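Visitor: Before we talk about particular side chains, could you show me the model and then tell me how its terms are to be read?

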Amino acid sequence: MGQSLNGSVIVRHRLREQEREAFDRIRFSATKLIIPFERSDLGLGGRSLFVGEVGWLDIFEELRGDFPDFARDVAVLEAVDELPSLDPFLLREHLKRRGFDISTTYFEISAPDLSRMQRFVGSEIAKLIELAYRDSDGQEGNITRLVEALLSARTDERLEPLRLTLRLEKEHYKEGIFAWKGFLYYKWVLNTLWANLRDVFAELGKVRVIGPVDSETAVELEQLKQRLRHKMERQVKSVMNHLNTYDEVFGQLTQDGNALAFRDFLLKSPDMFLSLGEGCGLVSHIATYWRYQFPRGRPLAANVIQLMDTLQDFELSLGSETSEAAAA
């Protein structure tokens, strides 16, 4: 990449209503590329574009300057834009699968998180490992290495019994394993989020407004809370439906030996996978930003402008009633 791009910031951005007009199809989030005016002071702002917006290639060419490998830079950004979030684990897997050799420093997951994820994945797939490696010696002693192999960026020969158990042809193996890793990753992330999300539901009705507020604004605020609660419940239900579908076919595989159902699910689930990732990103944003705004141990209170801005941001990120109905 050119020097200007090496100092750029790439974020997954929730599109505001007026920003959606920049695209020739309906989108609620996009990959945003920001090139700061001054890298030592990001507060000075910078130039930006959305990957995939109308005319973005011309803007991108101007921003990056006269450097080689324009086509590769475009391909990398388009690959990044295919994912529902910039979670490092999925981003690493996706770019590797697309044939890009990217430094691992861009995908670092903290050691504690990686350790917790490995334990979670190990418990999730223990029955499948028992099924796939039942004829192997020392199967229990190898479970940690098998989980590490599954979560690695490379296709590992130690997973060959899993490929045979899932009846995945080699040309479909990478696609199927990537989808499976994605479901396991999002399931782990959501498993760590549920408690925080329950706090948001509980605290939404208890948050107190500091200072005077007129009756009309008070009514509007209560209506906003009710709409937000409804949309959050719908989003959680959608995410749970995806996970339940995965759990059902995985149960058919491990309990009934129905490998075909699980294989077909993995190969036909890209839309569900993207929807799950989008939903996971939404609930993660709400749960983490709520806790940032209202830290534990501090009064659950805000001025009316701050509270309205926070709740309206949440509501906007969850989409319109029309988009909800279409997704239901």
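Guide: Buried means under 20% relative accessible area, exposed means over 50%, and partly exposed lies in between. Please keep in mind that this is a predicted model.

Visitor: By that cut-off, is Asp73 buried or exposed?
Guide: Asp73 takes part in a salt bridge with Arg64, and the closest N and O atoms of the two are 2.6 Å apart. Its partner Arg64 has a relative accessibility of 1% and counts as buried. For Asp73 the relative accessible area is 1%, which is under 20%, so Asp73 is buried.

Visitor: Which elements have the lowest and the highest mean pLDDT?
Guide: The protein as a whole averages a pLDDT of 82, with 91% of the residues scoring at least 70. Over residues 322-328, however, the pLDDT is below 50, although this stretch has eight contacts in the model beyond near neighbours in sequence. Among the elements, the lowest mean, 45, belongs to helix H13 (residues 321-327), and the highest, 93, to strand E5 (residues 301-303).

Visitor: Which helix gives the largest share of the largest nonpolar core?
Guide: In soluble globular proteins, nonpolar side chains tend to be buried together. Here the largest nonpolar core has 77 residues, and those touching the most other members are Val121, Ile125, Trp180, Leu190, Phe262 and Leu311. The largest share of this core, 18 residues, comes from helix H8 (residues 170-204).

Visitor: How many residues make up the other core that lies apart from it?
Guide: Leu33, Trp56, Val74 and Leu77 are among the members of this other core. Its count, given for the core lying apart from the largest one, is 10 residues.

Visitor: How many residues apart in sequence are the parts that Arg47 and Glu62 tie together?
Guide: Arg47 and Glu62 form a salt bridge whose closest N and O atoms are 3.2 Å apart. Arg47 is partly exposed, at 37% relative accessible area, whereas Glu62, at 54%, counts as exposed. Because Arg47 lies in strand E3 (residues 46-50) and Glu62 in helix H2 (residues 56-64), the pair ties together parts of the chain whose separation in sequence is 15 residues.

Visitor: Which helices hold Glu315 and Lys231?
Guide: The side chains of Glu315 and Lys231 meet in a salt bridge at 3.7 Å, N to O. Glu315 counts as buried at 13% relative accessibility, and Lys231 counts as buried at 6%. The pair links distant parts of the chain, 84 residues apart, with Glu315 in helix H12 (residues 304-317) and Lys231 in helix H9 (residues 215-256).

Methods. Residues are numbered from 1 along each chain as its sequence is written. This is a predicted model: local features need pLDDT of at least 70, side-chain atom pairs count only at pLDDT 80 or more; totals for chains, interfaces and linings use all residues. Side-chain values use heavy atoms; hydrogens and water are left out. pLDDT is the predictor's confidence in each residue, from 0 to 100. Helices (H or I, at least four residues) and strands (E, at least two) are DSSP runs, numbered from the N terminus. Contact means heavy atoms within 4.5 Å. A nonpolar core is a set of buried Ala, Val, Leu, Ile, Met, Phe, Trp, Tyr and Cys residues joined through side-chain atoms within 4.5 Å. Buried means under 20% relative accessible area, exposed over 50%, partly exposed in between (1.4 Å probe, protein chains only). A salt bridge is a side-chain nitrogen of Lys or Arg within 4 Å of a carboxyl oxygen of Asp or Glu.
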